[in-house]
Amino acid sequence: MSSKDTASTMVDKDVEHPVDTPVAITAEVEEKYGIKAHWKCLAACTLVSMCPFQYGLDFGLIGGLQAMIGFLKVFGHPAPHVAGGWNISPSRQQLISSLMTLGAFLSSSLAGPTATFLSRRQTIWAASLLCIVSNVIMMATTSIGGLYAGRLLLGLANGFYMTFSQLYIQEVAPARYRGLMISSFQVWTSVGTVIGGVVDNFTEKIDGRDSYLIPLGLIFVFPVVISVGLFAVPESPRWLMMQGREEQARSSLRWHRPYTDRMVEEEIKDIQLALAAEGETVKGASVWDMFRDPVNRRRTVLAVCGLTVQGASGAMYMIAYGTYFFKMAGIGKPFENHVILTSLGVVAILVNSAMVTHFGRRRVFLISGLILCGIAQLLIAVVYTVTPGTKSTGQAIVGLAVVYILGYNGMVATYAWISGGELPSQRLRSYTFGLATAIGFFAAWLTTFTAPYFINPESMNWGPKYGYIWTPSCWISA
């Protein structure tokens with residue numbers, strides 16, 4: 001069988017675990033050990049999976065901030081012709097939202113080189129420090145330039161958070177529970193978005209800068225919790241082994257696994273064999289290794305495509321500009337509608353978490369979710385085109401937005417992250433997953449940067465008709 005056929009078979013069968021998972025260990029563990037026996041490892045993965053809370057929180061907050069009078073009085077301008085009497089220019093709106101994703105793109109692009117000298121935990125600590133510094137800048141400044149700088153630094157932090165927390169979970173979680181842990185990654189993203197929307201909903205009525213300073217204060221909480229918790233968690237044994245630190249890797253694996261010493265040794269040998277087969281040590285890896293042979297080239301392309309479908313679904317504009325979108329379209333209560341939307345998204349993720357360990361059909365879920373998202377976007381655009389500005393149209397758009405977010409959170413987002421993390425080889429995982437994440441963030445940046453041109457009343461003012469753009473994008477991706 002050719003290398004191309006081998007890679008194709010790996011994808012076509014929708015394998016539950018990466019090909020470098022120790023098969024003998026997996027079978028034995030599934031027979032003898034349950035979830036309680038793995039509690040330490042799963043607790044560590046749960047702590048690390050909190051990292052994307054910051055990413056979700058930012059999207060939940062920033063969409064609401066751009067619709068807050070207190071925020072618009074500082075960074076916007078009077079606009080008597082729009083709802084609320086205040087607006088923000090499309091160019092400022094573009095940069096406020098997109099600089100965060102641009103920063104995430106830059107930091108995730110550097111995941112491969114960064115992983116050669118910083119461990120998974122050290123990079124997450126660095127991300128926490130960047131997050132705190134960026135938030136201090138955003139809260140202290142009343143200058144648009146200072147706000148831009150804070151947004152870019154926050155993006156750098158989120159890129160490290162999203163990439164290296166995924167890498168840690170992929171390398172540490174038992175094969176049987178890896179899908180569950182990755183789905184919890186998406187749960188935290190959605191929970192962060194909900195909390196950001198809920199807090200915005202309560203503070204938007206406050207007059208002055210406090211209306212947006214209080215929500216921004218939430219950004220300090222989780223970096224501190226994660227940073228302190230990581231002192232109790234060992235480093236990834238696979239990363240340690242790739243650095244040639246075998247004894248530390250063995251000690252870390254004993255902490256993460258409820259195995260006997262013999263089983264620990266077997267898994268250590270499996271890791272060694274996988275590394276030897278792929279090039280003996282990660283220090284021999286380079287960016288070009290992702291493309292040199294057909295198998296790694298195919299893995300790279302599939303991982304990139306897996307993560308890029310999130311941006312291709314149009315979710316970033318619905319999440320990043322949700323509150324502003326509802327407000328400018330004159331649809332009911334924009335803050336409450338966005339909270340409802342994101343809360344139902346969390347429900348979809350929780351249902352998905354219960355399913356992910358039992359159903360391994362990544363491709364089927366991704367295709368189905370993208371088709372559903374495309375249909376919802378099309379119907380939103382058609383309804384608004386036919387009868388814009390009516391109460392019934394507003395209700396229909398909110399209902400279709402709920403269908404969209406159920407499809408995205410329940411089928412697209414989780415399986416995109418799982419596929420992007422499972423497909424890379426062990427030796428090149430930092431490079432391949434970093435590249436895939438970076439291109440995914442680039443797609444998100446492109447969406448958040450261009451969306452204001454379409455939905456802002458001072459520009460094209462398409463509003464919900466923006467769905468016409470994303471319907472073909474969803475279906476082509478499917």
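How do the residues lining the largest cavity divide into nonpolar, polar and charged, and how many fall into each class? In this predicted model, the lining of that cavity comprises eleven nonpolar and twelve polar residues, with no charged residue among them.

The cavity in question emerged from a search of the whole structure, which finds four cavities of 30 Å³ or more, and the largest of these holds about 300 Å³ of space. Its lining consists of 23 residues, and those lying nearest the centre of the cavity are Tyr55, Gln310, Met316, Ile319 and Tyr408. Several helices take part in the enclosure: at least two lining residues each are supplied by helix H4 (52-65), helix H10 (178-203), helix H17 (294-312), helix H18 (315-320), helix H20 (334-356), helix H22 (391-422) and helix H23 (429-455). At the level of domains, the lining draws at least three residues from domain 1 (34-232) and at least three from domain 2 (280-477).

Helix H20, which contributes to the lining of the largest cavity, also gives the most to a nonpolar patch, with four residues. This patch lies on the surface, covers about 380 Å² and is made by Ile340, Leu344, Val347, Val351 and Leu406; of these residues, Val347 has its place in helix H20.

Turning to charged contacts, the count of salt bridges comes to eleven. One is formed between the side chains of Lys73 and Asp207, with an N to O distance of 3.7 Å. Because Lys73 belongs to helix H5 (residues 69-75) whereas Asp207 sits in the loop between H10 and helix H11 (210-217), this pair ties together parts that are 134 residues apart in sequence.

How values were computed
Residues are numbered from 1 along each chain as its sequence is written. This is a predicted model: local features need pLDDT of at least 70, side-chain atom pairs count only at pLDDT 80 or more; totals for chains, interfaces and linings use all residues. Side-chain values use heavy atoms; hydrogens and water are left out. On a 1 Å grid over the protein atoms alone, a cavity is a set of points where a 1.4 Å probe fits but cannot get out, and a pocket is an open set with protein on both sides within 12 Å along at least five of seven lines; lining residues have an atom within 4 Å of a point. Grid points are joined across faces, edges and corners, and a volume is the space filled by probe spheres set on the points. Ala, Val, Leu, Ile, Met, Phe, Trp, Tyr, Cys and Pro count as nonpolar, Asp, Glu, Lys and Arg as charged, and the others, Gly among them, as polar. Domain bounds come from an automatic or database domain assignment. Patches are made of residues with over 30% relative accessible area and no salt bridge: like charges are joined within 9 Å, nonpolar side chains (Val, Leu, Ile, Met, Phe, Trp, Tyr) within 5 Å. Accessible areas come from the Shrake-Rupley method with a 1.4 Å probe; for residues, only the protein chains shown count as cover. A salt bridge is a side-chain nitrogen of Lys or Arg within 4 Å of a carboxyl oxygen of Asp or Glu.
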